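Could you take me around this model in my viewer, one selection at a time, and tell me what is there at each stop?

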Amino acid sequence: MRIGYIALGILFLALGILGLLLPVIPQIPFLLLSLLFFMRGSRRLEKRVKESEFYKKHIKKHIEKHTGSAE
């Protein structure tokens, strides 16, 4: 299952990079999806992202506000 998440992360990363080159394709949603799938595929990356200041300052508050928990 983890290999599938990593494969999806690579796919969405490629689409995000393609979106940087072509103005027709939005890049931000694809890059965020790639990060999500890479986090699901790698516990080490998930831990690293969740320990970052950006996550703690912006994303964790958003998750807590909408779901009631931030894990």
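Before the tour starts, here is one to try: is Lys-50 buried, partly exposed or exposed? At 21% relative accessibility, Lys-50 counts as partly exposed. The cut-off for buried is under 20%. Please keep in mind throughout that this is a predicted model.

**Stop 1: the whole chain**

Show the protein chain as a cartoon. You should see 4 helices and 0 strands, and from the N terminus on the elements run α-α-α-α. Taken along the principal axes, the C-alpha atoms fill a box of roughly 35 × 30 × 20 Å. Switch on a surface and about 5,800 Å² is exposed, with carbon and sulfur atoms supplying 67% of that area. Of the 71 residues in the chain, 17% are buried. If you like contact maps, take those contacts with a separation of 6 or more: residues 24 or more positions apart account for 35% of them.

**Stop 2: the salt bridge**

Now go back to Lys-50 and add Glu-46 as sticks. These two form a salt bridge, and their closest N and O atoms are 3.2 Å apart. A search of the whole structure finds 1 salt bridge. Both residues sit in helix H3, which covers residues 43-50, and because they are 4 residues apart there, about one helical turn separates them. Glu-46 is partly exposed, with a relative accessible area of 27%.

**Stop 3: Met-39, facing the salt bridge residues**

Keep Glu-46 and Lys-50 on screen and add Met-39, which lies in helix H2. Setting aside residues up to four places away in sequence, Met-39 touches Leu-45, Glu-46, Val-49 and Lys-50. Both partners of the salt bridge are therefore among the contacts of Met-39, by the contact cut-off of heavy atoms within 4.5 Å. Draw a C-alpha to C-alpha distance from Met-39 to Lys-50 and you should get 9.6 Å, for residues 11 apart in sequence. Met-39 itself is buried, at a relative accessible area of 14%.

**Stop 4: the aromatic rings**

Next, select the aromatic side chains. A search of the whole structure finds 3 aromatic pairs. Start with Tyr-5 and Phe-37: their ring centres are 6.1 Å apart and their planes are at 25°, so this pair is stacked. Tyr-5 lies in helix H1 (residues 2-21) and Phe-37 in helix H2 (residues 28-41), so the pair ties together parts that are 32 residues apart in sequence. How does burial compare with the cut-off here? Phe-37 counts as buried at 16% relative accessibility, whereas Tyr-5 is partly exposed at 24%.

Move along to Phe-12 and Phe-30, another stacked pair, with 6.1 Å centre to centre and 20° between the planes. This pair also links distant parts of the chain, with Phe-12 in helix H1 and Phe-30 in helix H2, 18 residues apart. Phe-12 is buried, with a relative accessible area of 16%. Show the four rings together: ring pairs link Tyr-5, Phe-12, Phe-30 and Phe-37 into a cluster.

**Stop 5: Ser-34**

Leave Phe-12 displayed and add Ser-34, found in helix H2. Which residues does Ser-34 touch, not counting residues up to four places away in sequence? They are Gly-9, Phe-12 and Leu-13. The side chain of Ser-34 also reaches the backbone oxygen of Leu-31, at 2.7 Å. At 4% relative accessibility, Ser-34 counts as buried.

**Stop 6: a nonpolar patch**

Leu-13 leads on to the surface. Select Leu-13, Ile-17, Leu-18, Leu-20, Leu-21 and Leu-22, which form a nonpolar patch there with about 550 Å² of accessible area together. Centre on Leu-18, in helix H1: at 35% relative accessibility, Leu-18 counts as partly exposed.

**Stop 7: the loop before H4**

Finish at Ser-52, in the loop between H3 and helix H4 (53-67). Ser-52 is partly exposed, with a relative accessible area of 27%. For a last distance, join the C-alpha atoms of Ser-52 and Leu-36: they are 15 Å apart, for residues separated by 16 positions along the chain.

How values were computed. Residues are numbered from 1 along each chain as its sequence is written. This is a predicted model: local features need pLDDT of at least 70, side-chain atom pairs count only at pLDDT 80 or more; totals for chains, interfaces and linings use all residues. Side-chain values use heavy atoms; hydrogens and water are left out. Rings of Phe, Tyr and Trp (its six-membered ring) pair if their centres lie within 6.5 Å; planes under 30 degrees apart count as stacked, over 60 as edge-to-face and the rest as tilted. Helices (H or I, at least four residues) and strands (E, at least two) are DSSP runs, numbered from the N terminus. Buried means under 20% relative accessible area, exposed over 50%, partly exposed in between (1.4 Å probe, protein chains only). A salt bridge is a side-chain nitrogen of Lys or Arg within 4 Å of a carboxyl oxygen of Asp or Glu. Patches are made of residues with over 30% relative accessible area and no salt bridge: like charges are joined within 9 Å, nonpolar side chains (Val, Leu, Ile, Met, Phe, Trp, Tyr) within 5 Å. Accessible areas come from the Shrake-Rupley method with a 1.4 Å probe; for residues, only the protein chains shown count as cover. A polar contact is a pair of N or O atoms within 3.5 Å; within protein, one must be able to donate a hydrogen and the other to accept it, and residues adjacent in sequence count only if both atoms are side-chain atoms.
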